[in-house]
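Please work through the exercises below with the sequence and the model at hand. Each task is followed by a solution in steps.

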Amino acid sequence: MKSKVVVVGAGPAGMAAAWASAKTGAETLLVERYGFCGGMATTGIVGPILGHYLNENQPAVAGFLKVLIEHLHKIGGCEPWEKAFKKYGIPFDSELLKIAAEQVLLDAGVKFLYHSCLSAVNSENGKVKSIEVVNKNGKMEIEGEIFIDGTGDADIAYFGGFECTKGRPQDGKTESMGSVFKIAGIDEEKLTEDIVREAREKLKQLRQNGELKIYNEGPGGKGSTIRKGERSFNMTRFAGDATNAIELTQAEIELRKEAFKIYEFFKNNVKGFENSYISSFHINAGIRETRQIKGLYTLNEQDVIEGKKADDSIARCTYWIDIHCPLGRTINTHLCCKECETTQYCFMLDRYKDYLPSKSKLHPPENDWFSIAARCLIPEQSKNLLVAGRCISADHKAMGAIRVMATCMATGHAAGVMAAVALKNRCDVNAVPVKQVQDIIISQEGLI
Ligand SMILES: Cc1cc2nc3c(=O)[nH]c(=O)nc-3n(C[C@H](O)[C@H](O)[C@H](O)COP(=O)(O)OP(=O)(O)OC[C@H]3O[C@@H](n4cnc5c(N)ncnc54)[C@H](O)[C@@H]3O)c2cc1C
């Protein structure tokens, strides 16, 4: 198989990249290991979409996100864009997202190859010549001129021999994984403030006793569902390396088990949940952090908290350094920061406290954003590989900010335009005229 631009991974970043590449005139193929789009939005049923919110008058991310939301709204999957962007998070229906995303991408001219998992990369001197996927045909080679890595795990970069890092520098540990699941059949009218308060108290107790491994006390909300009587729950944590299949398998089993225990708690103890049932478990455990590429520029903590701007900005990020305990702890540990109140031994608090971010300095300045530079999407030495989404070049702390879905869509959008511009100009990705890229992103309603 062959395509001018080959995007691997149909998550928030990969969908946006494929859309933007096709929209900018390049023949584009989108390769995905599952049979639908969405990445964590559908396989992990995480939500709401975060990272677009600057203030009530102005979003920080639009472009592909806006097109997707407009289409999703048309089929009943979320609020209209004019209302949606004014909210801190955009709740959506994760089932309808599958069909909305496909339609938007097909309209732009993207070709799809589903059920195909990237297994090897043929690269030489910074140039990816082809990739190999495994699917029901066996092994299949896909040639391309420009490749975009939207796998979240930087699989193309890693298998292609480009330098990657994983987790924090001191011990390589990554943010904990998690499981989102949905409970339906809830009589939400019965969920009064008193009932919720009481449930929270009981849940706190169960956490402190070690009976439930939860980092918050629910009681769910409209995240990846907007349906009446249904809520999505994001309460669990599991420490492990999601690029290690053995640890990922343990995560799947443990997280589902924990999710079911949480459901049983609500069903048996909380008014309104009497007739409830689990309507969805995640398909893939929620993965927050794995590999980052080593790019031409690496985002860092100062970029985030000082709201730094770059001349080659291709996306805005308003989100904050939100690091879920890499040890998977839930008791007295909400965020990983200097002020963490864990009573157990923590190597980082003991030896590297200075490295940890401070609770009071996690956000970009108020009503402001920091730039994501085009250089963060280009692996060092890369001639024709671009990277988008949560695995762009960012250190462990900045990664905690750029990983949310709207921001991943924004970097995906930019990567797609960069790929198409590189093709038009017949240049390597590190020589792409940035002004041209920025003008195209703006013409497609993206914000830089
Ligand atoms: C528990 C949890 C809760 C979260 N909550 C929120 C939230 O409320 N709001 C928010 O905005 N963000 C949230 N996030 C973060 C966000 O979901 C992710 O960071 C974001 O989806 C990353 O987007 P991505 O496109 O880079 O990668 P992903 O969403 O991981 O998508 C990667 C895609 O690539 C595919 N793929 C991977 N490897 C291969 C391969 N080898 N071959 C072929 N295909 C491959 C995958 O199947 C997937 O479709 C949460 C994350 C977790 C884990």
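The exercises treat the ligand shell, the domains, two helix pairs and the backbone.

This is a predicted model, in which local features need pLDDT of at least 70 and side-chain atom pairs count only at pLDDT 80 or more, while totals for chains, interfaces and linings use all residues. Residues are numbered from 1 along each chain as its sequence is written.

**Exercise 1. Describe the shell around the ligand.**

Step 1. A residue counts as near the ligand if its C-beta atom, placed from the backbone, lies within 6 Å of it. The ligand is surrounded by 41 residues, the closest being Gly-9, Gly-11, Gly-39, Gly-286 and Gly-389.

Step 2. Helices (H or I, at least four residues) and strands (E, at least two) are DSSP runs, numbered from the N terminus. At least two shell residues come from each of helix 1 (12–23), strand 3 (49–50), strand 8 (117–124) and helix 11 (405–425). Helix 1 gives the most, with three residues.

Step 3. Ala, Val, Leu, Ile, Met, Phe, Trp, Tyr, Cys and Pro count as nonpolar, Asp, Glu, Lys and Arg as charged, and the others, Gly among them, as polar. On this basis the shell holds 18 nonpolar, 16 polar and seven charged residues.

**Exercise 2. Place the ligand relative to the domains.**

Step 1. Domain bounds come from an automatic or database domain assignment. That assignment gives domain 1 (2–167 + 370–443) and domain 2 (180–280).

Step 2. The C-alpha centres of domain 1 and domain 2 are 30 Å apart. Two residues are in contact if their C-beta atoms, placed from the backbone, lie within 7 Å. Twelve residues of domain 1 contact twelve residues of domain 2. The side of domain 1 that touches domain 2 comprises seven nonpolar, three polar and two charged residues.

Step 3. Because domain 1 and domain 2 both give residues to the shell around the ligand, the ligand lies between them.

**Exercise 3. Characterise the packing of helix 11 with helix 12, and of helix 2 with helix 4.**

Step 1. Axes are lines fitted to C-alpha atoms, for helices over the stretch in contact, and angles run from 0 to 180 degrees between N-to-C directions. Helix 11 and helix 12 (residues 434–443) pack at about 125 degrees, with axes 9 Å apart. Helix 11 is therefore oblique to helix 12; angles under 35 degrees count as roughly parallel, over 145 as roughly antiparallel, 65 to 115 as roughly perpendicular and the rest as oblique.

Step 2. His-413, Ala-414, Val-417, Met-418 and Val-421 of helix 11 meet Gln-436, Val-437, Ile-440 and Ile-441 of helix 12. This contact has seven nonpolar, two polar and no charged residues.

Step 3. The axes of helix 2 (residues 64–74) and helix 4 (residues 94–108) come within 9 Å and cross at roughly 120 degrees. Helix 2 and helix 4 are therefore oblique to each other.

Step 4. Val-67, Leu-68, His-71 and Leu-72 of helix 2 meet Leu-96, Leu-97, Ala-100, Ala-101, Gln-103 and Val-104 of helix 4. Eight nonpolar, two polar and no charged residues form the contact of helix 2 with helix 4.

**Exercise 4. Locate the listed backbone features.**

Step 1. Most residues other than glycine have a negative phi, and most peptide bonds are trans.

Step 2. The bond from Gly-47 to Pro-48 is cis, with omega near 5 degrees. Pro-48 is in the loop between strand 2 (28–31) and strand 3.

Step 3. The bond from Gly-218 to Pro-219 is cis, with omega near 5 degrees. Pro-219 is in the loop between helix 6 (193–208) and strand 13 (231–234).

Step 4. His-115, a residue other than glycine, has a positive phi near 55 degrees.
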